[in-house]
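Grab a pencil and open the viewer. Here are a few exercises to work through, each with a solution.

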Amino acid sequence: IEYPNSKLSKNIRRTIFYFFIFLFLIISPAVLMYTAGYRYDLKNGFLRITGSVNIDVLPNTAEVYLNNNKLKTKIPIRLNDLTAGKFSLTIKNPGYFDWQKNIEVVSKETVYIKDVVLIEKNQPILLHEGEVEEISLSPDNKTLVYVVKKQDQKEIWQKNTKTGEKLLVIDSFPPEEPILITFSPNSNYYILSTDKKPYEKLFIVSAQKTKEIFDFAAYVKEPIYKFQWHDGQNSEIYYDTSSQIFTFFPETKSQIFVMKKNFLDWYMEGNKLWIIKENSSTNKMELIKDSLGFGEIFSEEKELSAKQWEILVAKNDFVLLKKINQAEMLLFTQNKKYPINGEKFFISKYNNWLITWTSWEIWTKAQNEEPALLNRSGMQLQQVLPLDKYNTLGLVWAGNTTVLFPYYLVSHELISQKINSAGSDSDNRILYFSGKHEDKDGLWKLKY
C-alpha cells in the first residue's frame, strides 16, 4: 500500500517496523530481568542477582549505617541493587539507644525493617521515696497504685499520673504478705488482696473517689477462693465461695446469685461461663464453654486430672489453663491443644498477642499461628511488659531491665540495676518502676 505525499517508501516503513520488533525483543527481557533483581556488573562484566532493604522507623530523623557506612538517604529508605550477602545495620539518633542488627539480603527478595520506634535515653524521676514493692498501673494509665514497706506494716498509696496528686489508701497490711493489685477494665475501681487463697483480706477501692474503701471480705463473711472483674464497661465482680458464684456491683454494694459451684474452676468471658469439671462416669476432664447457656464441651481430656488445672483466661475461642503450683500451661483452641511453659501471662491490647513466661523462657501466640518460643535465658526473668503498639517488650530480669524488639530479636539494656516491680504506659511511652536508683529507694518514672 502506498500513501500519497508520504516521504517513506514501503521498504523504509518495513525496516522501521522490524526495527521496533527487534527493540521490543531486546528491551522486554531486560526489563523483566531488572524487575526480577538482575543487574549487569560493568566493572566485572557479568550479570548478578540483587536484593533490597526497606527501612521505615521512628524517629525519621535517625541516621542509618550499613556496614558502618552512613547512608545519605533520609528515612524512609529503600536500598535496591544490593548484592546478596550479610550486612551490619545500625540505626542511630542523638538521645536514643542505637538499634543494631545483622541482616541477610537474599536475591530477588526484600528485607523489611519497619514498625520500630527507637528507645529514648532519659534519667528516671523520683516520685516517692521509700522501700516500694509492688506497683500496678490502671488500664487508662491515669492511676498508679503501689506498696510501700514499713518496719511493721505495708502502706498502699495511690497516685494520679496526670496531676501528680498522691494519697495514702491503707496502712494495715501485714509486712510479710505479698499484695495483689487488680484493676477493673474501666479503671474505676481496683481490688487489694493478699495472694494466698482463700483471700483473708480483700478491699475494693475507688480510683476516682478519695478514700472510698470497701472491706469486701468482711461483707461476704465466707472464704473467697476466686474473683474476677467483668470485662465490660460496667464495674462488676464475679467471685465464688466454696459452693456458690455471685456477681457484685461496687457502685450499689449489691450482689446477684449466679449459680451453684458444682465444678472445680471457672472463668467468665463476657456473658459466657467457662468451667472445668471431672466427669464421674468417664473420668475425663471436661472444659465446658457457656455453661450458663448451651453448655458446649470445648475439650475432653482423659489423661489430665481436673483437680490440677485452673483457667487463667478465655478469649476469642482460645482458653489458657495453668497447672496449679507448676510452670506448665495448656493452650486450647477450637481444634488443637498446645503445651507451653509458663507461670505468668498477658495479652497485648493492640492485637491480642498472647505472651507467657517463666523465669527462663518466653512463649508467644499470635492469631492463627501456633505458639512459638521467643527467648530462653538463665538470667531469671521476673516480669514482661508491653512498651508500644508494635509489641516491643520490656524484660525485667533479676539484675537489670532490657528492651526486646521481638520481630527482629534485637535487644539492649534500659535499666542497669535491679528493680522490684514495673508498670508501663505504652501509649505515652512511660515506665514506672520501684527499686533503687543512684543509691536511693523509691518509685520512679522513666520516659522511654
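## Sheets, a hairpin and a patch

**Exercise 1.** Find the strand that β14 is joined to, and work out which way the two run.

*Solution.* Start with the bridges: five of them join β14 to β15, residues 189-194, and the two strands run antiparallel. Keep in mind that we're looking at a predicted model. For a cross-strand pair, look at F183, which stands opposite Y190 in β15. Now widen the view: the open sheet has four strands, in the order β14-β15-β16-β17, with antiparallel pairing. Its edges are β14 (179-183) and β17 (213-215), each pairing on one side only. Finally, check the twist: neighbouring strands here are turned by 20° against each other on average, ignoring direction.

**Exercise 2.** Describe how β30 and β31 are connected.

*Solution.* First, the pairing: β30 (residues 344-347) and β31 (residues 354-357) run antiparallel and are joined by four bridges. One pair to pick out is K344, opposite W357 in β31. Next, the link: the two strands make a hairpin, with six residues between them. In that turn, N352 has a positive phi of about 60°.

**Exercise 3.** Locate I27, then decide: is I27 buried, partly exposed or exposed?

*Solution.* Begin with the place: I27 sits in helix α1, residues 10-35. Its relative accessibility is 43%, so I27 counts as partly exposed, because that class lies between the 20% and 50% cut-offs. Last, the company: I27 belongs to a nonpolar surface patch with I12, I16, F19, F20, F22, L23 and I26, and together they have about 740 Å² of accessible area.

Technical notes:
Residues numbered from 1 in each chain as written. Predicted model: local features only at pLDDT ≥ 70, side-chain atom pairs only at ≥ 80, totals over all residues. Heavy atoms only, no water. Pairing = 2+ DSSP bridges. Axes fitted to C-alpha atoms, helices over the stretch in contact; angles between N-to-C directions. Patch = residues over 30% accessible without salt bridge, like charges linked within 9 Å, V, L, I, M, F, W, Y side chains within 5 Å. Areas by Shrake-Rupley, 256 points an atom, 1.4 Å probe, with all protein chains shown as cover. Salt bridge = Lys/Arg side-chain N within 4 Å of Asp/Glu carboxyl O. Buried < 20%, exposed > 50% of the residue type's maximum accessible area, 1.4 Å probe, protein only.
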